[in-house]
Amino acid sequence: MKALVLEEKGRLNLREIDLQQTLGPDDVSIRVHTVGICGSDVHYYTHGKIGPFVVDAPMVLGHEASGTVAAVGANVGHLKPGDRVCMEPGIPDPNSKAAKLGIYNVDPAVRFWATPPVHGCLAPEVVHPAAYTFKLPDHVTFAEGAMVEPFAIGMQAAMRAGIKPGDVAVVTGAGPIGMMTALAAHAGGCSRVIIADFSQPKLDIIGRYDGIETVHLGETSMAEAVAQKTGGWGADIVFECSGAPSAILGVSGLVAPGGTVVFVGMPIDPVPVDIVGLQAREARIETVFRYANVYERAIALIASGKVDLKPLISDTVPFEKSVEAFDRAVEQRPEDVKLQIVLTDDA
Ligand SMILES: [Zn+2]
């Protein structure tokens, strides 16, 4: 089977590989249709590692996928061949303490697609547990299905925030995850979402959505903009999505008294946090690591029309052009939010 293989840092090949997949009784096999390119895939390509995860053997990339069920294991009842689905890429040990507690995203034993040494899904066919495979409603496209994974992080952030109807939210950083978080926060009940970045093209893309206001950080500071937009009170919820040390240090100047800060972005190194500034507002602090139990909610919001992720799909390229697509992702063009690779012409 031909897959997109990261041989080592900086070297990608579309080549034959034996993924040794066997269909167990609780699994489904899926003909992969669409796979989104994620910042983490690109980082493994350019750096060969993320934190403790090091690519020291060839690894298939990709974890944001949709497709069509080809076969189901003996115990699978909720899916059948021909069903259009999307897949949750992180599989915990079902007997782990974290899984029993419902926080399987922080199970140390979780196996996540395209996180070494686990192969990803940029391959024509994958075998996956049925429990982490979700049927797409007929009117939700494969492209949207492959957007559920990045949107799930925004959903997790919105869930962790504990949004109350009418809350005013601030999102620092308008990268893909900041955009997903802004849309999840708005769909989740925020009356206004104020999102900030230094990149005008990014702000133009997310600013087209109703209920989302943009702040260009080259023109005004975040603290000034938020004070001006909230009558000096601050935001009920601050979603820090940039991972930038200065933004992390600045969150205490954005959050309202009694408000909540959700740390979504991941700084590369440990960074300072203004604890007293947060204490003086008695702010609640939340953190996000991937997501758990949000796929069905995410699909439901997309299916309802409350969240439209299609404008965030910047381009779609065929599987044969995967390496070129990754090289374009490395460029980080400001107008590119999500690039997707299509593996089949199934409708
Ligand atoms: Zn991703």
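This briefing covers the zinc site, the main nonpolar core, one pocket and one cavity of the structure above. The model is a predicted one, and the values below are computed from its atoms. The zinc ion is held by C38, H63, E64 and E149, while the largest nonpolar core counts 50 residues. Of the enclosed and open spaces, the second largest pocket holds about 390 Å³, and the largest cavity holds about 50 Å³.

**Zinc site**

- Coordination of the zinc ion comes from SG of C38, NE2 of H63 and an OE atom from each of E64 and E149, at distances of 2.2 to 2.7 Å.
- Along the sequence these donor residues follow the spacing C-x24-H-E-x84-E, in which the histidine and the glutamate after it are adjacent.
- The angles among the four donor atoms run from 84 to 171°, and the site is classed as irregular; a tetrahedral label would need all angles to lie between 85 and 135 degrees, so this range does not qualify.
- For comparison, the ideal angle for four tetrahedral donors at a metal is 109.5 degrees.
- H63 has a relative accessible area of 2% and therefore counts as buried, and E64 is likewise buried, because its relative accessible area is 1%.

**Nonpolar core**

- Within the largest nonpolar core, which has 50 residues, those with the most contacts are F151, F239, L309 and L312.
- At least two residues of this core come from each of the helices α4 (148-161), α5 (176-187), α6 (200-207) and α10 (295-304), and from each of the strands β13 (168-172), β14 (192-197) and β16 (235-240).
- The greatest contribution to this core is that of α4, which gives eight residues.
- In soluble globular proteins, nonpolar side chains tend to be buried together.

**Second largest pocket**

- The space in the second largest pocket amounts to about 390 Å³, and of the 17 residues that line this pocket, Q21, R111, W113, V118 and V127 are the closest to its centre.
- Both β10 (111-112) and β11 (125-129) supply at least two residues of the lining, with β11 giving the most, namely four residues.
- Sorted by class, the lining of this pocket consists of ten nonpolar, five polar and two charged residues.

**Largest cavity**

- One cavity of 30 Å³ or more is counted in the model, and the largest cavity has a volume of about 50 Å³.
- The lining of the largest cavity is made up of E88, G90, Y104, N105, V110, F112, R290 and Y291.
- By class, four of these lining residues are nonpolar, two are polar and two are charged.

Technical notes:
Residues numbered from 1 in each chain as written. Predicted model: local features only at pLDDT ≥ 70, side-chain atom pairs only at ≥ 80, totals over all residues. Heavy atoms only, no water. 1 Å grid on protein atoms, 1.4 Å probe; cavity = no way out; pocket = protein on both sides within 12 Å on 5 of 7 lines; lining within 4 Å. Points joined across faces, edges and corners; volume = space filled by probe spheres on them. Nonpolar A, V, L, I, M, F, W, Y, C, P; charged D, E, K, R; others polar. Donors = N, O, S within 2.8 Å, 3.2 Å for Na, K, Ca; no water. Tetrahedral: all angles 85-135°; square planar, octahedral: opposite > 155°, others 65-115°. Buried < 20%, exposed > 50% of the residue type's maximum accessible area, 1.4 Å probe, protein only. Core = buried A, V, L, I, M, F, W, Y, C linked by side-chain atoms within 4.5 Å.
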